[in-house]
Amino acid sequence: IGAAIMEGPGFTFFQDMCVQTKFGGNNLDVSPSGEWHVLFKNNGNHFTWKGQKTVVNSIIIGTMWIDCFGETEVISVKTGEKAKIKMTKCGWFSKGRWETSIKVFNSRGKEALSVSGKWNSELRVDGTDEVVWTNTLGAPRQGDKYQRPDHVFELIDSPPALIERLPPTDSRFRKDVIALQSGDTTRASAEKKALEERERALRRQRTVSGIEFRPQWFSQAVPPDSLTGEPMWLFNGEYWKNHGSPDTNARLGFGDTLFPHQ
């Protein structure tokens, strides 16, 4: 299970997710379970949704490409409005590839809007020229094996001033990740295997010692205004008590009512 939080001056995004994978020879099926939440601080709007199935095709032979498909709902916890999203599975000769249709319903359950297009390029309000979303990530960087746009390289950039502020657990310091980003898949695989062996050894030590593993920065609880009542892993605020600064805390304006410990 992976848990995450991202905090900005105007929003809080948090999630927990368990991913089940299935290898199919030349493709990898990825099925996520869990919830995604985003809370806007200026108006209290709180949206929640679940993930879609993703298939990574041609991972061994051919040109790698991704297909996302299935149905999900984005629900407004505050108003009860919802959007039902359907992403079409790619068929023979690329039929339906990336196609997406969305029905938006008001709090009374009446359809108020329909949107369609492709999830990797652009979505428009049906019957109009109004564009509601456009892919702004840009084209893949030329020569990059994984076809990543510049946006991804900005996310993983490691300038010295940032490195000094990162916790030692940041993935930028993982030897397998560094090797993978440099294109050395053999070394990346070896480093990943070594890391996993170390984690298994630690787990065996905890079992022998009767120590129950507890995540340091996340606690299991039901989020406020939960629609399902199911617990999830929520940020407990302790990280910023140890590593934050008054300037950071004031700039981000943490959502004080979001987490159970506060």
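**Surface and overall make-up**

The chain exposes about 17,600 Å², and carbon and sulfur atoms supply 54% of that area. The model is predicted. Of the 262 residues in the chain, 26% are buried. The C-alpha atoms fill a box of roughly 60 × 50 × 40 Å along the principal axes.

The chain contains 6 helices and 13 strands. Among contacts between residues at least 6 apart in sequence, 32% join residues at least 24 apart. Charged side chains number 34 positive and 32 negative, and the centres of these two sets are 5 Å apart.

**Strand 10 and its partners**

Strand 10 covers residues 122-125. On one side, strand 10 runs antiparallel to strand 9 (residues 111-118), with 4 bridges joining the two. A hairpin of 3 residues links strand 9 to strand 10. Lys-118 is placed opposite Glu-122 of strand 10.

Strand 10 also pairs with strand 11 (residues 131-134), again in the antiparallel sense, over 3 bridges. In this pairing Glu-122 stands opposite Thr-134 of strand 11. The hairpin between strand 10 and strand 11 has 5 residues between the strands, and Gly-127 in the turn has a positive phi of about 80°.

**Two faces of strand 10**

Which side chains of strand 10 are buried? The side chains alternate along the strand: Leu-123 and Val-125 point to one face and are buried. Glu-122 and Arg-124 point to the other face and are not buried. Glu-122, the residue opposite both Lys-118 and Thr-134, therefore belongs to the face that is not buried, taking buried as under 20% relative accessible area.

**The nonpolar core**

The buried residues of strand 10, Leu-123 and Val-125, are both part of the largest nonpolar core. This core has 8 residues, and the other members are Cys-68, Ala-83, Ile-85, Met-87, Ile-102 and Val-115. Strand 7 (82-87) and strand 10 each supply at least two of the core residues. The largest share, 3 residues, comes from strand 7. In soluble globular proteins, nonpolar side chains tend to be buried together.

**Contacts of Cys-68**

Cys-68 is one of the core residues. Leaving aside residues up to four places away in sequence, Cys-68 touches Lys-53, Thr-54, Met-87, Thr-88 and Trp-119. Among these, Met-87 is also listed in the core.

How values were computed:
Residues are numbered from 1 along each chain as its sequence is written. This is a predicted model: local features need pLDDT of at least 70, side-chain atom pairs count only at pLDDT 80 or more; totals for chains, interfaces and linings use all residues. Side-chain values use heavy atoms; hydrogens and water are left out. Buried means under 20% relative accessible area, exposed over 50%, partly exposed in between (1.4 Å probe, protein chains only). Contact means heavy atoms within 4.5 Å. Accessible areas come from the Shrake-Rupley method with a 1.4 Å probe; for residues, only the protein chains shown count as cover. Lys and Arg count as positive and Asp and Glu as negative; His and the chain ends are not counted. The place of a charge is taken as NZ of Lys, CZ of Arg, CG of Asp or CD of Glu. Two strands pair if DSSP finds at least two bridges between them. A nonpolar core is a set of buried Ala, Val, Leu, Ile, Met, Phe, Trp, Tyr and Cys residues joined through side-chain atoms within 4.5 Å.
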